[in-house]
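Here are some short exercises to work through with the model open beside you. Try each task before reading its solution.

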Amino acid sequence: MTDVAAVQDPPTETGPRPAPWLTEARAFVRAVERASAGDSGVRAALRSGLGKDLDEVPRMHRVIAPLLPPTVVNDDDAQRAFYTVAALIATHRRGAAADETESPASSDNSAGAPEQAVPDSEDTTAVGGAEESQGPETSEKRRQRRYGESLGFTFAVAVGRGPREGIRESAAETRMNLLTRQSTAGLHRHLPAAVRQLCDRGTPPDWARLLVDLRAWPRDRRNIGRRWLQDFYRTRHRRDLEAARHSDDTSPVAEPAAD
């Protein structure tokens with residue numbers, strides 16, 4: 001089956017553009033972040049749908065329905081991916097904990113519909129929730145712009161932070177193996193706990209790439225699950241090598257013994 005997340009637009013003078021689904025997802029993520037940034041009512045409405053089916057999230061429709069791209073209007077599985085990611089973003093955005101003290105009445109009264117999302121011709125969305133540094137674009141940055149970073153990559157980054165600030169490797173492996181075995185319904189059920197594990201360690205996922213993978217999961221879950229695991233182990237291996245090289249470069253050179 002064709003990997004929809006990897007289908008690319010024709011190259012341009014500035015290099016290959018992100019795949020259409022990824023461009024669409026990044027526009028949606030930006031719209032959700034803008035809508036929830038200054039409106040506690042929107043955040044409360046989006047959080048109310050965490051872990052729920054489409055028919056159980058009436059408060060989310062006012063916010064999300066205007067933001068859905070036309071291509072998913074008649075696709076319930078695709079819509080659920082958009083709703084799930086929106087709920088996760090609102091739940092784990094910075095300062096979300098403070099929203100829990102707000103009264104439901106004040107939240108409901110301020111829940112207005114945000115502006116329509118329009119895909120940008122040049123995407124500058126940061127990967128993994130962190131802004132990229134300025135300067136010449138490296139091959140790594142070009143790859144991130146073209147594909148985004150998978151959940152497997154993000155778990156590997158969290159492991160790389162060490163057991164105190166990040167996630168133990170065994171715990172990450174267990175979580176990754178659990179997620180990749182899930183049906184569509186099972187993935188949506190287990191994803192909130194997995195994302196909470198990452199966000200609590202300061203390593204939020206690439207929301208747009210996660211949305212693309214969730215959208216394709218019903219038809220391509222085996223390939224996506226395999227990529228998540230491969231990205232996890234490949235990234236862990238690369239970072240272990242980098243750490244070993246750094247250790248060698250910084251180790252003091254032993255003085256020769258005196259005669």
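**Exercise 1: Two neighbouring rings**

Tyr233 is partly exposed, with a relative accessible area of 38% (buried means under 20% relative accessible area, exposed over 50%, partly exposed in between, with a 1.4 Å probe and protein chains only). Before going on, note that this is a predicted model, in which local features need pLDDT of at least 70, side-chain atom pairs count only at pLDDT 80 or more, and totals for chains, interfaces and linings use all residues. Residues are numbered from 1 along each chain as its sequence is written, and side-chain values use heavy atoms, with hydrogens and water left out.

Task: find how the rings of Phe232 and Tyr233 are arranged.

Solution. Step one: recall the rule for ring pairs. Rings of Phe, Tyr and Trp (its six-membered ring) pair if their centres lie within 6.5 Å; planes under 30 degrees apart count as stacked, over 60 as edge-to-face and the rest as tilted. Step two: apply the rule. The two ring centres of Phe232 and Tyr233 are 5.0 Å apart and the planes stand at 80 degrees, so this pair is edge-to-face. Step three: check burial. Phe232 has a relative accessible area of 0% and is buried.

**Exercise 2: A pair across the chain**

Task: state which parts of the chain the pair Phe28 and Phe82 links.

Solution. Step one: the structure holds 3 aromatic pairs. In the pair of Phe28 and Phe82, the ring centres are 4.8 Å apart with planes at 85 degrees, so it is edge-to-face. Step two: Phe28 belongs to helix α1 and Phe82 to helix α4, 54 residues apart, so the pair links distant parts of the chain (helices, H or I of at least four residues, and strands, E of at least two, are DSSP runs numbered from the N terminus). Step three: Phe28 is buried at 1% relative accessibility, and Phe82 is buried with a relative accessible area of 1%.

**Exercise 3: The nonpolar core**

Task: say which helix gives the most to the largest nonpolar core.

Solution. Step one: define the core. A nonpolar core is a set of buried Ala, Val, Leu, Ile, Met, Phe, Trp, Tyr and Cys residues joined through side-chain atoms within 4.5 Å. Step two: look at its members. The largest core has 54 residues, of which Leu46, Ile64, Phe155 and Trp207 touch the most other members. Step three: find the suppliers. Helices that each supply at least two residues include α1 (20–37), α4 (76–92), α8 (151–160) and α12 (207–250). With 11 residues, α12 gives the most. Step four: follow one member outward. Beyond four places in sequence, Trp207 is in contact (heavy atoms within 4.5 Å) with Val29, Glu33, Val85, Leu88, Ile89, Val195 and Cys199.

**Exercise 4: An enclosed helix**

Task: decide whether α8 is largely enclosed or exposed.

Solution. Step one: 9 of the 10 residues of α8 are buried, so the rest of the structure largely encloses this helix. Step two: among the buried residues are Leu151, Phe153, Phe155 and Val159. Step three: look just after α8, where Gly162 takes a positive phi of about 95 degrees.

**Exercise 5: Polar residues in α1**

Task: list what Ser36 and Glu24 touch beyond four places in sequence.

Solution. Step one: Ser36 is in helix α1 and is buried, with a relative accessible area of 1%. Step two: Ser36 touches Val42, Arg43, Leu46 and Arg93. The side chain of Ser36 also reaches the backbone oxygen of Val32 at 2.9 Å. Step three: Glu24, found in helix α1, counts as buried at 19% relative accessibility. Glu24 touches Pro69, Thr71 and Arg215. Step four: turn to Arg215, whose charged end sits over the ring of Trp21, 3.9 Å from the ring centre (the rule is NZ of Lys or CZ of Arg within 6 Å of the ring centre and within 35 degrees of the ring normal).

**Exercise 6: Confidence**

Task: find where pLDDT stays under 50.

Solution. Step one: pLDDT is the predictor's confidence in each residue, from 0 to 100. The chain averages 78, and 65% of the residues score at least 70. Step two: pLDDT is below 50 over residues 1–14 and stays under 50 over residues 101–134.

Methods
A polar contact is a pair of N or O atoms within 3.5 Å; within protein, one must be able to donate a hydrogen and the other to accept it, and residues adjacent in sequence count only if both atoms are side-chain atoms.
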